[in-house]
Amino acid sequence: MDTVSNKWGIPEVLGLFELPFSDLIYRAQCVHREHFDPNGIQLSTLVSIKTGGCSEDCGYCSQSARHETAVENQPMLSLEEVLAAAKAARDNGASRFCMGAAWRGPKQKDLDAVTEMVRAVRELGLETCATLGMLKEGQAEQLKEAGLDYYNHNIDTSRRHYEEIISTRDYGDRLDTLSKVRRAGINVCCGAIVGMGETREMRAELIAELANQFPQPESVPINNLVQVEGTPLYGTDPLDHLEFVRTIAAARITMPKSFVRLSAGRQQMSESTQALCFLAGANSIFYGEKLLTTGNPEVERDRALLDKLGMHAM
Ligand code: SAM
Ligand code: DTB
Ligand code: SF4
């Protein structure tokens with residue numbers, strides 16, 4: 001890292017990816033142990049508060065109205081439904097609750113409903129996160145007012161690869177919403193998806209892009225593409241699992257104080273790969289049988305895995 005500018009260069013991040021695997025994991029472990037309890041993991045439950053029918057054309061997404069997938073459109077959940085899901089998540093041991101909506105961005109009446117949800121979920125003692133798409137002037141402030149802890153908005157891929165994946169918005173639109181979130185004083189949750197046909201260099205670029213945000217995002221979800229039939233990215237060559245672990249390690253080393261979240265794609269991973277991700281510095285998972293529209297390991301299986309590894313929820 002350039003200690004004057006505090007910036008990570010792309011060759012430097014690529015250098016991390018190219019380390020012998022043991023050296024990379026050792027570095028990631030050292031950094032992780034400096035800032036976190038290495039055996040603690042945050043359990044986060046995700047609920048889709050509005051599903052399908054999205055006007056955007058993200059090539060990975062089951063919820064775009066432009067792709068023919070098996071996902072059925074559903075109107076926004078009621079406050080009662082969201083609260084019931086949040087209570088169940090808390091009773092199962094989750095400490096964080098993330099609400100996702102298939103919107104390009106929220107309309108004012110949508111946002112009014114979401115702010116009510118945020119208030120109610122927070123009253124249960126859960127950390128709150130929302131991911132609602134692009135925000136207009138003043139909307140982040142309303143979410144902050146309601147007590148929202150984190151806003152999730154991913155850069156998704158490297159700048160150079162972006163237009164291969166999405167055409168209905170650009171990288172600048174993403175960065176613009178992120179700066180609104182930051183200005184409103186909400187913690188930033190910003191990460192990416194890998195396994196979308198990008199090169200290793202592009203993975204290094206996207207890690208550098210995340211790490212060079214100032215301040216760094218407090219929360220960094222790393223998703224492995226869940227391939228959904230009917231989406232343009234269905235059938236892409238899957239990413240080698242050890243390369244996924246390397247991506248987690250690079251995120252941990254470059255963003256030492258951030259929560260690095262092993263996000264989508266866990267259902268397709270062996271327990272050993274997941275254990276390597278924890279060793280590489282991931283300290284949060286999605287917990288509960290469903291992500292937004294796709295599957296996630298069963299709660300009992302995750303509990304058993306954490307037990308086997310001697311890890312505890314935090
Ligand atoms: N519509 C909003 C947006 O796109 O910002 C919020 C919800 S969107 C589904 C949240 C994030 O989920 C996306 O930015 C993407 O990173 C991730 N995601 C969506 N579909 C995925 C898939 N099939 N595999 C992995 N991650 C996915
Ligand atoms: C994030 O980075 N991953 C989550 C959350 N933020 C909203 C979403 C994963 C979605 C996986 C595909 C699906 O279930 O539709
Ligand atoms: Fe819409 Fe978000 Fe899916 Fe893109 S990722 S199609 S914006 S729901």
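## A negative surface patch

A patch is built from residues with over 30% relative accessible area and no salt bridge, with like charges joined within 9 Å. With that in mind, let's look at this predicted model. On its surface, Glu80, Glu81, Asp112 and Glu116 come together as a patch of negative charge. Two helices, α3 (79-92) and α4 (108-123), are the elements that each supply two or more residues to this patch.

Glu116 is worth a short stop. This residue sits in helix α4, and its relative accessibility is 46%. Buried means under 20% and exposed means over 50%, with partly exposed in between, so Glu116 at 46% counts as partly exposed.

## Thr45 in strand β1

Next, a residue with a polar side chain contact to the backbone. Thr45 belongs to strand β1, which covers residues 40-50. Thr45 counts as buried because its relative accessibility is 12%.

A polar atom of the Thr45 side chain lies 2.7 Å from the backbone oxygen of Tyr287. So for Thr45 you can picture a buried residue with a side chain that has a backbone oxygen as its partner.

## Arg266 in a loop

The last stop is a loop. Arg266 is placed between β8 (259-262) and α10 (271-279). Is this loop residue buried or exposed? Arg266 counts as buried, because its relative accessibility is 1%.

The side chain of Arg266 also has a partner: a polar contact of 2.8 Å links it to the side chain of Gln274.

Definitions and conventions: Residues numbered from 1 in each chain as written. Chains lettered and ligands numbered in written order. Predicted model: local features only at pLDDT ≥ 70, side-chain atom pairs only at ≥ 80, totals over all residues. Heavy atoms only, no water. Patch = residues over 30% accessible without salt bridge, like charges linked within 9 Å, V, L, I, M, F, W, Y side chains within 5 Å. Areas by Shrake-Rupley, 256 points an atom, 1.4 Å probe, with all protein chains shown as cover. Salt bridge = Lys/Arg side-chain N within 4 Å of Asp/Glu carboxyl O. Lys, Arg positive; Asp, Glu negative; His and termini not counted. Charge placed at Lys NZ, Arg CZ, Asp CG, Glu CD. Helix = DSSP H or I, 4+ residues; strand = E, 2+ residues; numbered from the N terminus. Buried < 20%, exposed > 50% of the residue type's maximum accessible area, 1.4 Å probe, protein only. Polar contact = N/O pair within 3.5 Å; in protein donor to acceptor, adjacent residues only side chain to side chain.
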